[in-house]
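Student: I am new to this structure and would like a close look at a single part. Could you take one helix and walk me through what surrounds it?

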Amino acid sequence: PVWGVEMVLTGGQTHEVDSSDFAFNIATKDMLNEQFEALKATLLEPVMNVEITIPKENAADVQMLINERMGDIMGMKPGLVDTTIDAQVGLRHMFGFVSDLRAATKGMGDFAMEYSHHTPIQAFEAAGIIEDRKAELAARK
């Protein structure tokens, strides 16, 4: 989706033969495709609140897993047996986390996540994502 873009039609004419909602939608789409790069758009990614419950002896290993995924540890709650780690991690970095968590905790770790907010992706990462998407679309043709 594209957010924060406002378009104002400042001129134009209608004709009985070639003016329709469909024609104006196509013209708008073509204009947006032409101008999109000039808009300096920013890709956003969903950030998830993640709550991880682990045996306390695995806390350092799981902190490292969060750091590898470019996550932010928001807090830790140590218990007698388990430790709970609260973190925020980009959704795209969470794929495969369950396998890594289970490996690091010998199957004893568990986690839950829920949507928090969107945040801009760094420019160098966005460039790679855009190129991958262009290649994917070109392969479909």
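Tutor: Here is a walk around helix H3, followed by a few stops elsewhere in the chain.

Please keep in mind that this is a predicted model. Let's begin with helix H3 itself, which spans residues 97–104. Its buried residues are Phe97, Leu101 and Ala104. These residues lie on the same side of H3, because the arc they cover around the axis is only 70 degrees. And what lies over them? The cover includes strand S1 (44–55), helix H2 (59–68) and strand S4 (110–120).

Phe97 deserves a longer look. Its relative accessible area is 0%, so Phe97 is buried, a label that applies under 20%. Phe97 also belongs to an aromatic pair, and the structure holds one such pair. The partner is Phe111: the two ring centres are 5.0 Å apart and the planes stand at 85 degrees, so the pair is edge-to-face, a term used for angles over 60 degrees. This pair links distant parts of the chain, since Phe97 sits in helix H3 and Phe111 in strand S4, 14 residues apart. Phe111 has a relative accessibility of 23%, so this ring's residue counts as partly exposed, whereas Phe97 is buried.

Now follow the chain out of the helix. After H3 comes Lys106, with a positive phi near 55 degrees. Lys106 is a residue other than glycine, and its place is in the loop between H3 and S4. With a relative accessible area of 72%, Lys106 is exposed. You can find another positive phi at Met70, about 60 degrees, and Met70 is not a glycine either. Met70 belongs to the loop between H2 and strand S2 (72–78). Its relative accessible area is 47%, which makes Met70 partly exposed.

Let's go back to strand S1, one of the elements that cover the buried residues of H3. Met48 lies in this strand, and at 9% relative accessibility Met48 counts as buried. Leaving aside neighbours within four places in sequence, Met48 is in contact with Ala87, Gln88, Val89, Leu91, Met113, Glu114, Tyr115 and Ser116. His15, by comparison, is 33 residues from Met48 in sequence and 50 Å from Met48 in space, C-alpha to C-alpha.

Our next stop is a pocket, the second largest, with about 290 Å³ of space. Helix H4 (residues 123–140) gives the largest share of its lining, five residues. The full lining is Leu43, Leu44, Ile121, Ile129, Ile130, Arg133, Lys134, Leu137 and Lys141. Sorted by class, the lining has six nonpolar residues, three charged ones and no polar ones.

Finally, look at Asp21, whose place is in helix H1 (residues 21–35). Asp21 has a relative accessible area of 66%, so this residue is exposed. To get a sense of scale, try locating Asp21 and Glu131 together: they are 110 residues apart in sequence and 32 Å apart in space, C-alpha to C-alpha.

If you return to H3 after this tour, start again from its buried residues, Phe97, Leu101 and Ala104, and then trace the edge-to-face pair from Phe97 to Phe111.

Terms used: Residues are numbered from 1 along each chain as its sequence is written. This is a predicted model: local features need pLDDT of at least 70, side-chain atom pairs count only at pLDDT 80 or more; totals for chains, interfaces and linings use all residues. Side-chain values use heavy atoms; hydrogens and water are left out. Buried means under 20% relative accessible area, exposed over 50%, partly exposed in between (1.4 Å probe, protein chains only). Helices (H or I, at least four residues) and strands (E, at least two) are DSSP runs, numbered from the N terminus. The arc is that of the directions from the helix axis to the C-beta atoms. Contact means heavy atoms within 4.5 Å. Rings of Phe, Tyr and Trp (its six-membered ring) pair if their centres lie within 6.5 Å; planes under 30 degrees apart count as stacked, over 60 as edge-to-face and the rest as tilted. On a 1 Å grid over the protein atoms alone, a cavity is a set of points where a 1.4 Å probe fits but cannot get out, and a pocket is an open set with protein on both sides within 12 Å along at least five of seven lines; lining residues have an atom within 4 Å of a point. Grid points are joined across faces, edges and corners, and a volume is the space filled by probe spheres set on the points. Ala, Val, Leu, Ile, Met, Phe, Trp, Tyr, Cys and Pro count as nonpolar, Asp, Glu, Lys and Arg as charged, and the others, Gly among them, as polar.
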